[in-house]
Every structure is written in structure tokens, then in C-alpha cells.
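Biologist: I would like a close look at a single part of this model rather than a tour of the whole. Please go through it piece by piece, and tell me what to keep in mind when reading the coordinates.

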Amino acid sequence: MNIVSFLFRCPCAVLFPFLVIGCTNYSTTASVQAPPTLISVVNNGNSNFTIKVRAQNPEFIFQGYRLYSGISEKEVQNPTDLNLGSDCILGPSTLVQPTEYTFEIDPSTKANATGITCRIFATLTPGTYIAMRTLGLAINLQNSSSSFKVSTSSNALIVP
């Protein structure tokens, strides 16, 4: 019996050493998420805005985006608390990479319009700045907890 035929008939002979020795191909360093690029903001009236975004996050840990708004570019790109933004949770299989996405910003809870990738429930005021960050899933195996890890900031745009 040759070696190929043996391994084909008994795959446990191949898998057993990996199970006993364990997998050592992992990293304790957090994955770096790529920030999105904001292309444009359009005021649709009635506190409703459309944002065009180019983004590319094919990683398994990708979860969505977080929108920040404020009175200055510095404030939205460097918020005092990264948890204070408004989230758009998409999940890793929702987006086809890379492409341009359309987000709708609206304080109401109505359903997404046609062609909208995600709706972010927030109130924007003309003249304020906005920026976005990518959300990645961070899992702590020591205490079995999970949280979001946010990317660096996108560029900032002024709301018209």
C-alpha cells in the first residue's frame, strides 16, 4: 500500500498529530481594521442624509461602522470616548469587497430605502462634521468576553 492511499483511507492519521500537538499558527496581536473613506454627504431634507462611503473590510472579524458627529474635524476624528458614536452593524458576509456603499442617516425608525446599505439612527445638523470608523470584533479568551475594536478615523466631511 502506498502512502497516498493510506492517508486517503485513514485521514485520522493526518489529523491526529495536529490535534495532539495543537495549532500554533495564531497571533495575540489585534487585527488592524481599515477605516472607510467618506465620499459625499447629501441633505435629503427632514433631518435625512445620505452618505457615500468607499470601504474594504473582508476580515472575518468585521462587524460594521460607527458614525461620529461634532463641531470640529478634530472632535470627530479624535473623540474622547470611542463608544459614543452611532453604529451600523452589518456583519462579515453582508458586503461584497471592494465597492461604494450608501448609508442613510435618519433619526426615524422607518425601513431602509431602496439601494441603502445600512441605516444609522442619528440626528445630524447642517454645519457639523462627521467621520466614521470600522468596527471589528475583539474576543478575550481569558475571560470569555467580546467587544468592538474600532479602526483609525476616516476623513471628515462637513454636513451640508
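Modeller: Start with one pair of residues: Ala-55 stands opposite Thr-99, which lies in β5. This is a predicted model, so everything below describes computed coordinates. Ala-55 is the last residue of strand β2, which runs over residues 48–55, and Thr-99 opens strand β5, residues 99–105. The two strands run in opposite directions: β2 and β5 pair in the antiparallel sense, over seven bridges.

That pairing is one part of a sheet. Four strands make up this sheet, in the order β1-β2-β5-β6, and the sheet is open, with mixed pairing. β1 (37–45) and β6 (118–120) are the edge strands; each has a single partner, so one side of each has no neighbour in the sheet. From one strand to the next the twist averages 25 degrees.

Now take the pairings on either side of β2 and β5. On one side, β1 and β2 are antiparallel and share seven bridges. Asn-43 has Phe-49 of β2 as its bridge partner. On the other side, β5 and β6 run parallel to each other, joined by three bridges. There Ile-105, the last residue of β5, has Ile-120 in β6 as its bridge partner. The mixed character of the sheet can thus be followed pair by pair: antiparallel for β1 with β2, antiparallel for β2 with β5, and parallel for β5 with β6.

β1 and β2 are also linked as a hairpin, with two residues between them. These are Asn-46 and Ser-47, both in the loop between the two strands. Asn-46 has a phi near 55 degrees, a positive value although the residue is not a glycine. Ser-47 has a positive phi too, near 60 degrees, and is likewise not a glycine. Their surroundings are described separately. Asn-46 has a relative accessible area of 79% and is exposed, while Ser-47, at 35%, counts as partly exposed.

The strand that follows this turn presents another picture. β2 is mostly covered, with six of its eight residues buried. In the sheet order, β2 sits between β1 and β5. A background point helps when you look along any of these strands. In a regular strand, side chains alternate between the two faces of the sheet.

For a closer view from the β5 side, look at Thr-102. This residue lies in strand β5, and its relative accessibility is 11%, below the 20% cut-off, so Thr-102 counts as buried. Leaving out residues up to four places away in sequence, Thr-102 touches Thr-50, Ile-51, Lys-52, Gly-115, Ile-116, Thr-117 and Cys-118. Thr-50, Ile-51 and Lys-52 fall within the range of β2, and Cys-118 is the residue at which β6 begins. Thr-102 therefore has contacts in both strands that pair with β5. One of these neighbours is joined by a polar contact: the side chain of Thr-102 meets the side chain of Lys-52 at 3.2 Å.

The rest of the chain gives the context. The protein chain has three helices and nine strands, and two helices come before the first strand in its sequence pattern, α-α-β-β-β-α-β-β-β-β-β-β. Of its 160 residues, 32% are buried. Among contacts with a separation of 6 or more, 62% are between residues 24 or more positions apart. The chain exposes about 10000 Å², of which carbon and sulfur atoms supply 58%.

Finally, the confidence. Over the protein chain pLDDT averages 80, and 74% of the residues score at least 70. Strand β9 (residues 157–158) has the highest mean, 97, and helix α1 (residues 3–9) the lowest, 48. Over residues 3–8 pLDDT stays under 50, and for this stretch the model has three contacts beyond four places in sequence. Where pLDDT is low, the predicted coordinates should not be read in detail.

Note on methods. Residues numbered from 1 in each chain as written. Heavy atoms only, no water. Pairing = 2+ DSSP bridges. Axes fitted to C-alpha atoms, helices over the stretch in contact; angles between N-to-C directions. Buried < 20%, exposed > 50% of the residue type's maximum accessible area, 1.4 Å probe, protein only. Contact = heavy atoms within 4.5 Å. Areas by Shrake-Rupley, 256 points an atom, 1.4 Å probe, with all protein chains shown as cover. Polar contact = N/O pair within 3.5 Å; in protein donor to acceptor, adjacent residues only side chain to side chain. pLDDT = per-residue confidence, 0-100.
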